[in-house]
Amino acid sequence: MTALVAVLLALGAILFTLAIRRNDLPEAASVSPTAHLEEKKAIVYDNFRDLQFEYRVGKLSDTDYQVAKAVLQRELANLNAEIERLGGAKTAVPATQVKPVPAMGTVCPKCGAKFAQPLKFCGECAAPMAKGGAA
Amino acid sequence: MENLGAIAILLAFCLGIYALVGSVAGAWRQKPFLIASANRAIYAVWFLLTTASALLVYALLTSDFRLAYVAAHSNRDMPPLYKFAAWWGGQEGSLLLWSWLLSCYSVVVLFTNRHKHRRIMPYVSATLMTTQVFFLIFNAFVANPFRVLAVGREITSVPDGNGLNPLLQYWAMAIHPPILYLGYVGFAVPFAFAMGSLITREPGDGWLHTIRRWTLVTWLFQSCGILLGAGWAYAVLGWGGYWGWDPVENASLLPWITATAFLHSVMMQEKKGMMKVWNVVLISATFWLCIFGTFLTRSGIVSSVHAFAQSPIGKWFTGYLALVGAAALYLILSRLDYLKTRSRLESVISRESSFLFNNLLLLVSCFAILWGTLFPVISEAVTGQKISVDVPFFNRVQIPVGLSLLFLTGVAPLLAWRRSSPASLKRNFMLPGIAGIGTIAVLFAAGMRHFYALVCFGLCLFVASTIALEFYRGARAISVKTGQNLAAAVVELTRRNTRRYGGYTVHIGIVLMFVGFAGSAFNKNLTVDVGIGDTFHLGRYDLKVLELREGENPNYTWNHAVVDVSTGGSHLANMEPERRFYKSSQQGSAEVSIRRRLHEDLYLNFAGMTDDNAKAVMQAYVFPLVSWIWIGFWVLILGTLICLTPSRVRARKARGAEPELADELVVAER
């Protein structure tokens, strides 16, 4: 009995580990080259919010507030310049470290249906769009 | 079924190695199938370890004495709760708990980050699995909890087990080890993320936000574990102490200190991009100290009241500690360019410098504790003589360091980022300063002459005033703007910035604990041999022994006393301390009686009977203000939970609403 359960346990664990289907792979995420700069920009906003709150509640003198604000503005200007240099936050490139995305198409190779956007599977007959469809 | 647990552990070990190799190879060769398969293996490791743990617990609950572990750490008459707690009552079970908790953390990390941190996740998995495999080596080959009792090739059994150590048969002790382990094991996750980010040179601090929250949860568990241990020592060991600078206690405090330092200095990295190297060093040190703490607890290299184990696992731990230290050091040194700081310290009088001093003091405290803990081992290696470092050494160093940290707790929130002008300093420090100095003056005038107690009480009021002022100023600003009353404004204020005001709440908890610590300067104690009708006095209390009884049940024999407590002729309470002697383990334990009040505890311990069995040896203690330590603990938990709740402003921002204040900055920039 113990031997049988042990064999089942081992087989189950090995099967679970090795039987990976393409659908089990996580979707590829697009990574913006300026994401970390946008992140820093958000921190500058946060810092400014804190600064202004402390000024408003009377913890900071006028001079301290103005100096700190000028520094934050300088930081923001530098970040904006850097983001612009890298081509703007809108540019996104696919991550290189993730699974290859299954090819997609706009014309179904099976039923010939046409779609405005590239799809993995046909919206009419559910056939894979990977082969033959125009990307 | 007795072999099934061992097989599950062996399978988990094999899959752990596969997950480790698969994650690294998958990331290196960019094979998403291999990475996904390695991730599956991590889930399988968790399932197998859960199966093994469930089998061990089942064996304990059903008193299956064919297993050597069950026979050594439980007996038939133990209550089910303590049979369950026997899972971590011995070396083998305790190491299995470590492994199981790590596997739980690993699957939580994998699941919650399945769409995030794509580049670093395989390395995070690999780092976690390295530790997992290390502990699975113990579970499978060195300290297997499924070893069966056998004569020749025949599996045998014993009629009854040895029972659990009686000191562990206490409710707080039933939950103290797993909670402390949740802390110890949890620090593996921030370490894994730090190593992952160093290996891949991940741009940005996105991973840092993930581990900050994680570190906070783990820190909370570690705090609970330490405080539960202190509460257990206070209520069970019979001498009324909650902290004895015992090596095993110190082992749990060391990673807590470095994690505390990290939780403060990480703000510098998040807000200012500073102290990146330092933060990675702190994360690595915290994890290293967790492994080191487990090593101290489990190897028996230093003698401790906990004295869990004397075993040959030391050399394995030494090797792993060297590996972790060397790997972390190599990665940090080879990635110094990646960790370059973009800002510099502008002024000594700034919040940045107060964080820096806070970190330095925590490091001094940590090093002093480490030195004192390891001194017996070092002295034996150098001189051949084992010289123990006693409580006074620790107190001499830790009290001034602790008071300095308390001072910084009050100062830091009042300083501005970058620099504070004399005008701001005067405005912020006037009231709290007067409160602190005024407290010292009043207490001195009232006759208090204990230097450290005076300073501590003064600083406690100073810090409490600074925090109260912070809440008041913020709440008043909201109240003026929205028309809410002050109490509602305080709630609103806290909800708007949970991290800041949760942090202040944690600081209030720490202040309350310091009030309790300072009270120990005025402890009183007395040991007397008393018979029925005898009276003795301690402090303002008159104590009279009314009854002395003895008896037994299947688990233990007992001596029980009933003591009448009165003051100035008026009756206050009857206290009933007890002494127990457990039959299976042949060990004694105390069931102390404590009358808890906010200003002081009266504590009675039935230490035993005199040699002629005619009188009871009674130890009586008065512990002023000790209850504030436990109250502070609950406040600390509350504060940490507030910190973990998302802020309302940040949540709004996450939904896309640009904060109005930030708009002003953008407009100003344009």
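A residue counts as buried when its relative accessible area is under 20%, as exposed when it is over 50%, and as partly exposed in between. Keep those cut-offs handy for the close-ups below, which come from a predicted model.

**View 1. Where chain A meets chain B.** Here 54 residues of chain A are in contact with 66 residues of chain B. Between them, the two chains bury about 5,300 Å², and carbon and sulfur atoms account for 60% of that area. There's charge pairing here too: 3 salt bridges turn up across the interface of chain A and chain B. Polar contacts between these chains come to 7 residue pairs, counting pairs with both residues at pLDDT 80 or more.

Now look at chain A's side of the interface. Helices α1 (2–18), α2 (35–56) and α3 (62–85) of chain A are the elements that each give two or more residues to it. The largest share comes from α2(A), with 16 residues. Sorted by type, the chain A residues that touch chain B are 27 nonpolar, 11 polar and 16 charged.

**View 2. Helix α5 of chain B, end to end.** This helix runs over residues 91–112 of chain B, which makes 22 residues. At 1.5 Å a residue it should span 32 Å, and its end C-alpha atoms are indeed 32 Å apart, so the two values agree. Is α5(B) largely enclosed or not by the rest of the structure? It is largely enclosed, because 17 of its 22 residues are buried.

**View 3. A salt bridge inside helix α2 of chain A.** Over all chains, the whole structure has 17 salt bridges. One of them joins the side chains of Arg49(A) and Asp46(A), with N and O 2.5 Å apart. Why can two such side chains get together? Side chains of opposite charge can pair when their charged atoms come close. An α-helix has 3.6 residues a turn, so residues three or four places apart point the same way. Arg49(A) and Asp46(A) are 3 residues apart in α2(A), which means about one helical turn separates them. With a relative accessible area of 10%, Arg49(A) is buried. Asp46(A) is buried as well, at 13%.

**View 4. A pair that crosses between chains, Glu54(A) to Arg351(B).** Glu54(A) sits in helix α2 of chain A, while Arg351(B) belongs to helix α13 (residues 351–383) of chain B. Their side chains form a salt bridge, 2.9 Å from N to O. Are these partners buried or exposed? Glu54(A) has a relative accessibility of 3%, so it counts as buried. Arg351(B), at 7%, is also buried.

**View 5. Glu202(B) and Arg119(B), a salt bridge between distant parts of chain B.** The closest N and O atoms of Glu202(B) and Arg119(B) are 3.5 Å apart. Glu202(B) is in the loop between α8 (188–200) and α9 (206–236) of chain B, and Arg119(B) is in the loop between α5 and α6 (121–142) of chain B, 83 residues apart. At 16% relative accessibility, Glu202(B) falls under the 20% cut-off, so it counts as buried. Arg119(B), with 34%, lands in between and is partly exposed.

**View 6. A network of salt bridges.** Which residues do salt bridges with shared partners join into one network? They are Glu54(A), Arg351(B) and Arg500(B).

Terms used:
Residues numbered from 1 in each chain as written. Chains lettered and ligands numbered in written order. Predicted model: local features only at pLDDT ≥ 70, side-chain atom pairs only at ≥ 80, totals over all residues. Heavy atoms only, no water. Contact = heavy atoms within 4.5 Å. Buried area = accessible area lost by both parts, 1.4 Å probe. Salt bridge = Lys/Arg side-chain N within 4 Å of Asp/Glu carboxyl O. Polar contact = N/O pair within 3.5 Å; in protein donor to acceptor, adjacent residues only side chain to side chain. Helix = DSSP H or I, 4+ residues; strand = E, 2+ residues; numbered from the N terminus. Nonpolar A, V, L, I, M, F, W, Y, C, P; charged D, E, K, R; others polar. Expected span 1.5 Å × (residues − 1). Buried < 20%, exposed > 50% of the residue type's maximum accessible area, 1.4 Å probe, protein only.
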